Amino acid sequence: MDIHQSIEERVSSLPLLQYAFIRPGELVFSERVRYICEHECGRYGTSWACPPAVGSVEECKRRALGYDEAFVFATVSEVPAGASFEELLEKRKGHEEAAGKIKGILEELGMETLMLSTESCAICESCAYPGAPCRHPDRMFPCVESFGILATALAERCGIEFMYGDGVVTWFGLALFRKKQ
Ligand code: SF4
């Protein structure tokens, strides 16, 4: 059984809507996405999981291209109209759990991983950034956009559907992996 089959067999019990395997070289990194983080997201500069703490787009690209493969996945949640950011984060929990399980599966298969997920990290009530190191670096997943990758363009490239109408949010994750040295 090859690595893709092993991964597919193990993720079959997770609530993933769709997934795809790609090469990191297929990822598109954009300074424009970083500009949006900086100017339109309240999380910018407040967490180890967000820019500028994750490094420049060029550094993020270098890190990502150091992996051999990537597993792109999506889940969905129903979110009521007018939900606050906190309510949105609450609805995201299932996706973050799935991301943690995928990381565990890849590690069981002898891979080292870099997991990117959604929004920002909300593990701690108050992030240690910038005064102290991240308290849970193994469980903290920067969001896909924080690396300068536009998740919706990535989904389109992978043939992953993401428009399900009002009240449904599609969450994306990107697990980069390579054989442990
Ligand atoms: S795990 Fe805690 S300290 Fe680390 S990024 Fe998340 S909220 Fe911040």
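This tour moves through a predicted model, from its confidence values to its sheet, then to one residue in a loop and to the ligand.

**Colour by confidence.** Begin by colouring the protein chain by pLDDT, for which the average is 93, with 100% of the residues scoring at least 70. Next select helix 3 (residues 57–65), which has the highest mean pLDDT among the elements of the protein chain, at 98, and then helix 4 (residues 85–91), which has the lowest, at 79. As a habit to keep for any such model, remember that predicted coordinates should not be read in detail where pLDDT is low.

**Select the sheet.** Now show the strands, four of which form an open sheet with antiparallel pairing, in the order 1-2-4-3. At the edges you will find strand 1 (18–22) and strand 3, each of which pairs on one side only. If you turn the view to look across the sheet, you can follow how neighbouring strands are turned against each other by 20 degrees on average, with direction ignored.

**Follow strand 4.** Select strand 4 together with strand 2 (residues 69–78), since these two run antiparallel and are joined by 10 bridges. Within this pair, pick glutamate 78 and look across to valine 168 in strand 4, which stands opposite. Then add strand 3, which pairs with strand 4 (residues 168–179) in the antiparallel sense over six bridges. Here methionine 115 faces alanine 175 of strand 4, while leucine 116 has leucine 174 of strand 4 opposite.

**Step into the loop.** From strand 3 (111–116), move along the chain into the loop that leads to helix 6 (151–158), and select threonine 118, which lies in this loop. Is threonine 118 buried or exposed? Threonine 118 counts as buried because there are 23 C-beta neighbours inside 10 Å, and 20 or more are needed for that label. To see what surrounds this residue, display Arg92, His95, Cys143, Trp171 and Phe172, which are its contacts once neighbours within four places in sequence are left aside. You can also draw a distance from the C-alpha atom of threonine 118 to that of glutamate 96, which is 22 residues away along the chain, and the separation is 7.9 Å.

**Finish at the ligand.** Lastly, select the ligand and the 13 residues that surround it, the closest being Trp48, Cys121, Cys124, Cys127 and Cys134. If you colour this shell by residue type, you will find 10 nonpolar residues, two polar ones and one charged one.

Note on methods. Residues numbered from 1 in each chain as written. Predicted model: local features only at pLDDT ≥ 70, side-chain atom pairs only at ≥ 80, totals over all residues. Buried ≥ 20, exposed ≤ 12 C-beta atoms within 10 Å, placed from the backbone. Contact = placed C-beta atoms within 7 Å. Pairing = 2+ DSSP bridges. Axes fitted to C-alpha atoms, helices over the stretch in contact; angles between N-to-C directions. Near = placed C-beta within 6 Å. Nonpolar A, V, L, I, M, F, W, Y, C, P; charged D, E, K, R; others polar. pLDDT = per-residue confidence, 0-100.
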